[in-house]
Structure formats: C-alpha cells, structure tokens
Amino acid sequence: MNSQLLEVKECDAFYGESHILHSISMEIEEGSGVALLGRNGAGKSTLFKSILGAGPTVTGDIRLRGRSIMHAAVHERALSGLSLVPEDRRIFPHISVEENLRFAQRATRKGETALDIAEVVERFPMLGGLLDRRGYQLSGGQQQMLAVARGLVPRPLLLLLDEPAEGLAPLVVQELSEQIARIRKREHVGLLLAEQNVGFARQCTEFVYIIDSGRIVFRGDWSSFDADAELVNRYLAV
Ligand SMILES: Nc1ncnc2c1ncn2[C@@H]1O[C@H](COP(=O)(O)OP(=O)(O)OP(=O)(O)O)[C@@H](O)[C@H]1O
Ligand SMILES: [Mg+2]
C-alpha cells in the first residue's frame with residue numbers, strides 16, 4: 001500500500017485569467033507534518049483551496065491515499081478526510097462554542113465517529129470552561145484554539161491549518177504550538193500548515209516547503225532548511 005497520504009502532482013491553479021500556481025508538486029506521508037512557508041501573496045491559501053476543491057480552477061492531479069480527488073466536490077473531499085481551518089477561522093459568532101463544535105460533526109469522515117464534546121475537552125482542556133460562551137465573546141487565541149479543535153472533530157486524515165498563528169500574542173502562539181504537537185502525537189493525523197512564523201512552523205512539523213510567486217522553491221526537512229542560510233532572506237523576509 002502507498003504510504004503517501006496526499007500527493008499533489010504538477011498542479012496549476014487559476015482564478016479566471018490569473019495563473020496563480022505553477023506546477024506544484026507535494027507529498028505528505030501518513031501522519032507527518034509539513035509546513036508551507038511563503039510571503040503574503042505567495043499562493044499558500046490558493047494551494048489549500050486547490051486541495052479542497054474550493055475556488056480556483058486546477059489542473060494536474062491530487063491524490064488522497066492513492067485515489068484521485070480531482071473530480072470530487074468540496075464536501076466529498078471533506079468526507080474523505082480533508083479538514084481545513086481557513087485563515088479567517090470562521091467561528092460562528094452567535095452560537096456557543098459547544099454548538100460550533102457540534103456543527104463540525106456533520107463533516108465526519110466516512111466510517112468514523114466524530115469526536116464528541118467530552119473528547120474535544122479532553123484534548124483541549126481550555127475549551128472546557130468556554131462551552132457556553134458565544135463565538136464573538138472569545139479572544140483571538142481562544143477562537144484559534146476552537147478553530148483547530150473544530151477541525152479535528154470530523155477525525156480527518158489531513159488537517160490543513162492556514163496561518164493559525166497570525167495575529168496572536170507570542171505566549172498564545174507558544175501554547176498553540178504545544179497543543180498542536182501534543183495532538184499530532186496522539187491522533188496520528190497528517191498536518192499541512194501554512195505559515196509565515198518560521199519558529200512556530202518548526203515546532204509543529206518535520207518537513208518544509210517554501211512557495212514563492214506560486215512556485216515551490218524549496219523542499220526538505222528542517223535541518224536542510226537550516227543548512228541554507230539564504231532561504232529566509234530570499235523567500236521569507238519582508
Ligand atoms: N479570488 C481571487 N481572485 C483573483 N486572484 C486571487 C484571488 N485570491 C487570491 N488571489 C491572488 O493569488 C495570489 C496568491 O494569493 P494567496 O491568498 O494564495 O496567497 P497567500 O500565500 O495565502 O498570502 P497570505 O499570506 O497573505 O494569506 C495573490 O497574488 C492574490 O492576489
Ligand atoms: Mg493566505
């Protein structure tokens with residue numbers, strides 16, 4: 001059996017006439033963690049939307065556990081095991097934390113049982129005291145924790161986190177990275193993490209891809225990333 005969880009093969013992506021992604025290839029093994037680094041506008045979210053089938057027009061092939069998902073609709077990809085936490089988080093503001101979590105149970109992967117509320121609280125103890133709070137009453141850090149928890153409720157094979165650390169205070173970022181690392185150990189879920197915060201990304205993943213102007217310009221583990229001192233200056237510094 002193929003040990004690749006996700007394979008992106010020579011994908012191009014377009015918004016109308018705009019050609020955004022150019023021949024992107026990426027592999028994520030079962031249960032492994034991959035960081036996707038790149039500046040604002042590099043194409044990180046477009047790649048996530050391409051993997052989910054939500055937005056851009058995509059050519060090439062995308063395979064989940066060896067099966068092409070190119071022609072599957074967004075909700076079918078979710079039911080097959082992809083779970084996206086988008087950059088704007090999309091917490092429902094006027095319903096409670098608990099209701100936000102229950103909502104995500106609808107997208108549960110075929111043949112699996114969603115995490116129930118007790119299982120979520122066991123994994124994210126800080127949500128335990130917030131279950132009755134409305135979405136709009138949460139701090140940025142609490143919202144992000146809820147968004148990550150909600151992403152895990154459907155028991156995905158691959159969790160896609162789009163810049164979760166953005167806008168959070170350093171202490172909250174630290175807490176979030178510890179939380180993600182703990183969850184990864186426990187759940188054996190694959191992780192694709194778009195980030196500009198290199199330190200945070202390093203805490204959460206084993207492998208790195210850098211995207212620049214819609215092209216992958218580096219792939220490797222963190223030690224090969226560190227061995228090339230120019231990468232940060234060339235592709236990540238603002
Ligand atoms: N709906 C859209 N229609 C047309 N162009 C778009 C659309 N969404 C994004 N783009 C363009 O695609 C390119 C990549 O944007 P994308 O949002 O993927 O970047 P990003 O790496 O996620 O950036 P950020 O770090 O700011 O979130 C940018 O040039 C952007 O202007
Ligand atoms: Mg983005």
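**View 1. The hairpin of β4 and β5 in the predicted model.** R63 stands opposite S68, a residue of strand β5. The model shown in this and every following view is a predicted one. β4 and β5 run antiparallel and are joined by two bridges. Together these two strands form a hairpin, with two residues between them. In the turn of this hairpin, R65 has a positive phi of about 45°.

**View 2. The pairing of β1 with β4.** Strand β4 covers residues 57–64. Seven bridges join strand β4 to β1, and the two strands run antiparallel. One pair of facing residues can be located by looking at A13, which stands opposite V58 of β4.

**View 3. The hairpin of β1 and β2.** Strand β1 is made of residues 4–15, and strand β2 of residues 18–29. Their pairing is antiparallel and extends over eight bridges. Two of the residue pairs may be followed by eye: the bridge partner of A13 in β2 is L21, and that of C11 in β2 is I24. The hairpin has two residues between its strands. Within this hairpin, G16 takes a positive phi near 55°.

**View 4. The open sheet of four strands.** Read across the sheet, the order of the strands is β2-β1-β4-β5. The pairing in this sheet is antiparallel. Which strands stand at the edges? They are β2 and β5, the latter formed by residues 67–68. Each of the two has a single partner strand, and therefore one side of each is left without a neighbour in the sheet.

**View 5. The open sheet of six strands.** In this sheet the strands follow the order β6-β7-β8-β3-β9-β10, and the pairing is mixed. The edges are occupied by β6, residues 82–85, and by β10, residues 215–221. Because each of these edge strands has a single partner strand, one side of each is left without a neighbour in the sheet. From one strand to the next, the twist averages 15°.

**View 6. Strands β7 and β8, with helix α6 on the sheet.** Strand β7 consists of residues 158–162, and strand β8 of residues 190–195. The two strands pair in the parallel sense, over five bridges. L158 stands opposite G190, a residue of β8. Helix α6, formed by residues 140–152, packs on the sheet and touches β6 and β7. The direction of helix α6 makes about 170° with that of β6.

**View 7. The surroundings of ligand 1.** There are 13 residues around ligand 1, and those that come nearest are N40, G41, K44, T46 and E163. How do the residues of the shell around ligand 1 divide into nonpolar, polar and charged? Three are nonpolar, six are polar and four are charged. Helix α1, residues 44–52, gives the most to this shell, with three residues.

**View 8. Polar side-chain atoms beside ligand 1.** N40 places a polar side-chain atom 2.8 Å from an oxygen atom of ligand 1. For K44, a polar side-chain atom likewise lies 2.8 Å from an oxygen atom of the ligand. In the side chain of E163, an N or O atom is 2.6 Å from an oxygen atom of ligand 1. On its own, ligand 1 has 640 Å² of accessible area, of which the protein covers 61%.

Key:
Residues numbered from 1 in each chain as written. Chains lettered and ligands numbered in written order. Predicted model: local features only at pLDDT ≥ 70, side-chain atom pairs only at ≥ 80, totals over all residues. Heavy atoms only, no water. Pairing = 2+ DSSP bridges. Axes fitted to C-alpha atoms, helices over the stretch in contact; angles between N-to-C directions. Contact = heavy atoms within 4.5 Å. Near = heavy atom within 4 Å. Polar contact = N/O pair within 3.5 Å; in protein donor to acceptor, adjacent residues only side chain to side chain. Areas by Shrake-Rupley, 256 points an atom, 1.4 Å probe, with all protein chains shown as cover. Nonpolar A, V, L, I, M, F, W, Y, C, P; charged D, E, K, R; others polar.
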